[in-house]
Each structure stands twice: as C-alpha cells, then as structure tokens.
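Good morning, colleagues. I shall begin with the overall order of the fold and then turn to two points of backbone geometry. Please look at the structure as I put it up.

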Amino acid sequence: MPFIDLPPWMISLLLAPFGLVLGSFGNVLIHRLPQEDPAERNVVTKASHCPACKARIKPWHNVPLLGWLWLRGRCAECGWRIPGRYPLVELLTGLLFAASPWIFPFGTLIWLKGLVCGYALIVLFFTDFTEMMLPDVIQFPLMALGVLLTLPQLLRPETLVNIWTAPGALLQALAFHNGLQPAPGYQGFEPTVTWQASLIGLAVGYGVPALMNLLYKAIRKTDGLGMGDFKMLAWLGAFWGWAPMLGILFLGAGLGAAVGVPLMLMRRSTGQTMLPFGCFLALATPIVVFFGRALWLGYLGWVG
Ligand SMILES: [Zn+2]
C-alpha cells in the first residue's frame, strides 16, 4: 500500500479539502436536522439555500471558507448575516482532517474511528449549542458503528501497515487496532477497545445517566439531562469502551458545573436553566481519549 507510505504533511494536504467539504455538509446537518417539519430535514436532495430569504446559493458562493470570505459573511441576495458558525465548522472539520495523520496512523482503523468521532462531535456540539438537541439520525448509527468497529480486530488481529514517518524511518502499526491514546508520535497502542468493553459501554452509557436522571427527577421534579445526552454517552461508550465513557461523563459534568454554577449565581436563576450538556460531553471526549489514562493514573497516585 504505497499511499500509506506518504509523509504525514502530504497526507494532510490531500485530506484537508475533504474535511472542508464535509464541514460544509456539517453546516447543512446542523441547520436542517433540528427542524420540526420533515420536509425541512431533507439533507440529501434539497439544494443549499439562504435560511432567511430561501434564495438558492450559487455554487461559487458555496465553496467552504472562501465563499463566506468572498461574501464578507452576508447573503448575496438579502444581506442576511451568515453566522460565524458556518466558517467555524468548515475550519474545524478541515483542521480535524489535516491533523488526523499526525495523531493517528493514517489508513488504520483507529484513524478512521478518530475522524468519524471527531466529525460527529463537531456536528453534535453545534446542534446542541444552537437548538439544544442531539439528532437520533446521527446518534443511532454511531451506536452500531462503535460496536462494529471492534469486529475487524477479531478477524485480522495481526495485520500490519507500514507508515513512512521520516526519511529512512518506517513505522509498523496494527491496521485494525482501535485502542486509546494513539498520540503523540503513534506511541502507546494499548489498551484496545474490545467488543465486550464496547457493548458494556453502550449499555452503561445509556443506563447510568438514565438512573441518575430518575434520582434527579425524584428530588428536583424535573429532567436534569435530556434523552439525547444518554444516546450520546451510549455511542461514546460503544466507540471508546465503558471506562473512558464514564470518564467523559464525569469530566463533562464537571465542565458543565464549572460553567453552569456561576451562570446560575449571576442570573440568580432557579436552577431551571437548561445547559447544552452534549457540548460539555463533546469537549470532554478528546481530553479523556488522549489523556484519560494519564489523568487516571495521576489521580490514583495522588489518592494513594
Ligand atoms: Zn438571503
């Protein structure tokens, strides 16, 4: 597989345009999936149009990042100010793709998994941030995919790919490895997310917050977390295993409290203000995936 033998910077350049285009599609998902009207949720055949005046967007105005810059952030027809989220999502997805071969060995399962997870988190962060919802159409397939991604390593556990990292330096990586902490420098290929850890993650990801919610409901008489949050934890559990999923839940809750408590005090709110918890889970995920084990070992050392 000579394609994999390219140096990472060259793979970055080849991947970045795909990221920008998928980022542009991500904006379509973010805008349309939370819509109430099923016809408005069509993300496949409906052409891009301005949400304000419904005018069709010309193809050259729809080029990721450049279109927005060219239009100076306004609709060409009606002058509607295009939210900064549009170029931001394109930029983040472009960066995700460009950064991916530096973080994950290109062409391996963990690389694919990182990209899918990263892209999903960008989209879900913004649907939750803007509309307070996490669409089922995205989350249900991810639950199944998380478990399915553990199967290739059962069938072909020893398959190696060669990765050219520097002149004369060849790194061999397990093609179907899908474990945690691949960064930095492709170090630390253990532990692998097994199908058992994935299935338990799926079940516990949905079950533990559902139980917490029952408790919260009994005490506060209101929902603490939305159902979308459970589904997000369920697919994150399927992707990264049950232990990292619990790490994501606790770190996400901590980040949520760090933002939510001062907000509540400032507004003297009654505690009824809903925070987009999915946003905090999205922020917590990369921290736990890359640094979770180091943080956990550090915590154990500090406790004991
Ligand atoms: Zn317009």
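Along the sequence, the protein chain runs in the order α-α-α-α-α-α-β-β-α-α-α-α. That pattern comprises 10 helices and two strands. I should state at once that this is a predicted model, and the values I quote are computed from it.

Of the 304 residues in the protein chain, 36% are buried. Turning to contacts, I consider those in the protein chain with a separation of 6 or more: residues 24 or more positions apart account for 68% of them.

Let me now come to the backbone. Which residue in the loop between helix H2 (66-70) and helix H3 (85-103) deserves a look? It is Arg72, whose phi is positive, at about 50 degrees, although Arg72 is not a glycine. Is Arg72 buried or exposed? Arg72 has 8 C-beta neighbours inside 10 Å and therefore counts as exposed, the cut-off for that class being 12 or fewer.

The second case is Met132, in the loop between helix H4 (109-131) and helix H5 (136-148). Met132 also is a residue other than glycine with a positive phi, here near 55 degrees. As to its surroundings, 16 other C-beta atoms lie within 10 Å of Met132, so this residue is partly exposed. The reasoning is that a buried residue would need 20 or more such atoms, and an exposed one 12 or fewer.

To summarise the two cases: Arg72 is exposed, whereas Met132 is partly exposed. Thank you for your attention.

Key:
Residues numbered from 1 in each chain as written. Predicted model: local features only at pLDDT ≥ 70, side-chain atom pairs only at ≥ 80, totals over all residues. Helix = DSSP H or I, 4+ residues; strand = E, 2+ residues; numbered from the N terminus. Contact = placed C-beta atoms within 7 Å.
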